[in-house]
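Subject: Structure handover

Hello,

Here is the structure I promised to pass on. Please open it alongside this note, and my findings follow below.

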Amino acid sequence: MSEISEEMRMTVVESREWYMAAYAPEGVPTSDHLKLRTVKISLALDSIPDQHVVLETLFISLDPYLRSRMTGREDGLYSPQYNLNEVVSAFGVGRVVRSKALIRKIDADAGILLPEYISTLGVPGFAAWIGIQVVAEPIKPGSNVFISAAAGAVGMYAGQLAKLKGCRVVGSTGSDEKVRLIKEEFGYDDAFNYHTETDYDAALSKYFPNGIDVYLDNVGGEMLEAVLNHVNRHAKIPLCGMISEYNKVWTERKGVRNLLNLVGKEVKMQGFLLGSYLDRFGDFAKEMESHLKERKINSKLKIVHGIDKFLESLGSLFTSSNIGKVVIQVK
Ligand code: NAP
């Protein structure tokens, strides 16, 4: 907590925030749904609720789950929904101005870039680690691992963690540039562009002649269905997310027709949410921090400048226009 002068205790500061103006049950949220406003915040200690802090926000994490909290319906994905008129809260890195709570303090002198605390050492790194190191365990060296949205935030770390376990790793992603990137910078053995190789069954036959042992699913829908035709006996499918379905009402989502293959191949398919694994966060952070420092894990950040860019940056998660982890630098 920083030292606050008597003058500052009485200070009222202006803060800009995005809020939920109207729900977006389908499609990508627009300026009809999310609006930016300026509010006044008092720094007087009495006006800060218990278990809250006043932060000067430095970096904001853009995560697909944010969109799932904007449908206005509890539909089994992530909850709770934002209330109408409520500020959109997100993970971030900030400087504590005043505190009435304990929060995760980071060592700014540890030699790690601040936005890495919401990438390699934040939600996407943790999701990749839980998916590969916990839900898919045990993974034998030489296993055939498939990862979708492989050039995204979770995908880039998941592929590298699987490579560190001695697996053969193939990814799918949305452009030729990203195919090249994940092979050259993240060590994927192979990759394909799902926008050009649109027959996913044929693509998986080509890239997995010996079948799939582990599939970390980030996209769901047609890709998940295709994968189920290529799984090996006792394959494991950690379900991290299904981004291809987030902008649809549930009745419009793609059904997976070949679930029967899970029975015949005795496959373990398991969804997971990070909130259930917080007791593993310490192990994860220690391991990933040492991978990062030893350059065993590469990270690619797409840094967008200015809080005004939040809406378009959120929308960019639902196209193939971004690479790596999308972060907003506020200051
Ligand atoms: P991200 O990959 O950085 O961004 C999303 C990417 O998904 C896009 O860049 C795009 O890349 C791909 N995509 C978008 N629409 C798609 C579609 N219709 N079909 C196929 N691919 C599409 O996002 P992330 O943060 O790493 O998240 C990845 C997944 O993990 C999401 O499903 C997210 O909800 C999930 N997640 C789950 C947890 C958990 O606790 N379970 C935690 C964090 C994240 P390309 O099209 O170029 O491949």
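The salt-bridge count comes to 19. That is for a predicted model, so please read everything below in that light. One of the pairs is worth opening in the viewer. Lys40 and Glu14 meet through their side chains, with 3.1 Å from N to O. Lys40 belongs to strand 2 (residues 34-42) and Glu14 to strand 1 (residues 12-20), so this salt bridge ties together parts that are 26 residues apart in sequence.

Next, the domains. The chain is divided in two. Domain 1 covers 7-119 + 300-329, and domain 2 covers 123-275. Note that domain 1 is made of two stretches of the chain. The centres of the two domains, taken over C-alpha atoms, are 28 Å apart. Each side brings 24 residues to the contact: 24 from domain 1 and 24 from domain 2.

What does the interface look like in numbers? About 1,900 Å² is buried between domain 1 and domain 2. Carbon and sulfur atoms give 56% of that area. On the domain 1 side, look at Lys300, Ser320 and Ile323. These residues supply 27% of the area that domain 1 buries against domain 2, more than any other three residues.

How many salt bridges cross between domain 1 and domain 2? The rule finds zero. Polar contacts are another matter: eight residue pairs make them across this interface, both partners being at pLDDT 80 or more.

Now the sheets, beginning with the six-stranded one. This sheet is open and its pairing is parallel. The strand order is 7-6-5-8-9-10. Strand 7 (190-193) and strand 10 (268-271) are the edge strands. Each has a single partner strand, so one side of each is left without a neighbour in the sheet. Neighbouring strands are turned by 15° against each other on average, with direction ignored.

At one end of that order, strand 9 (residues 231-239) pairs with strand 10 in the parallel sense. Four bridges hold the pairing. Leu239 is placed opposite Gly271 of strand 10.

Two helices are worth showing with this sheet. Helix 6 (residues 200-207) packs on the sheet and touches strand 5, strand 6, strand 7 and strand 8. The direction of helix 6 makes about 165° with that of strand 7. Helix 4 (residues 153-164) lies across strand 5 (144-147), strand 6 (168-173) and strand 8 (212-216). Relative to strand 5, helix 4 runs at about 170°.

The other sheet to look at has four strands. It is open too, in the order 4-3-12-11, but its pairing is mixed. Strand 4 (92-99) and strand 11 (301-305) stand at the edges. Again there is a single partner strand for each, so one side of each has no neighbour in the sheet. The twist from one strand to the next averages 25°.

Strand 3 is the one to follow here. Seven bridges join strand 3 to strand 4, and the two run antiparallel. Phe59 has Val93 in strand 4 as its bridge partner. Strand 3 also pairs with strand 12 (residues 325-329), in the antiparallel sense and over three bridges. On that side, Ile60 stands opposite Ile328, and Ser61 stands opposite Val327.

Finally, two backbone details to check by eye. Which peptide bond is cis? The bond from Glu137 to Pro138 is, with omega near -5°. Pro138 sits in the loop between helix 3 (123-135) and strand 5. The second detail is Gln51. Its phi is near 65°, a positive value in a residue other than glycine. Gln51 is found in the loop between strand 2 and strand 3 (53-61).

Best wishes

Terms used: Residues are numbered from 1 along each chain as its sequence is written. This is a predicted model: local features need pLDDT of at least 70, side-chain atom pairs count only at pLDDT 80 or more; totals for chains, interfaces and linings use all residues. Side-chain values use heavy atoms; hydrogens and water are left out. Two strands pair if DSSP finds at least two bridges between them. Axes are lines fitted to C-alpha atoms, for helices over the stretch in contact, and angles run from 0 to 180 degrees between N-to-C directions. Contact means heavy atoms within 4.5 Å. Domain bounds come from an automatic or database domain assignment. Buried area is the accessible area (1.4 Å probe) that two parts lose on being put together, summed over both. A salt bridge is a side-chain nitrogen of Lys or Arg within 4 Å of a carboxyl oxygen of Asp or Glu. A polar contact is a pair of N or O atoms within 3.5 Å; within protein, one must be able to donate a hydrogen and the other to accept it, and residues adjacent in sequence count only if both atoms are side-chain atoms.
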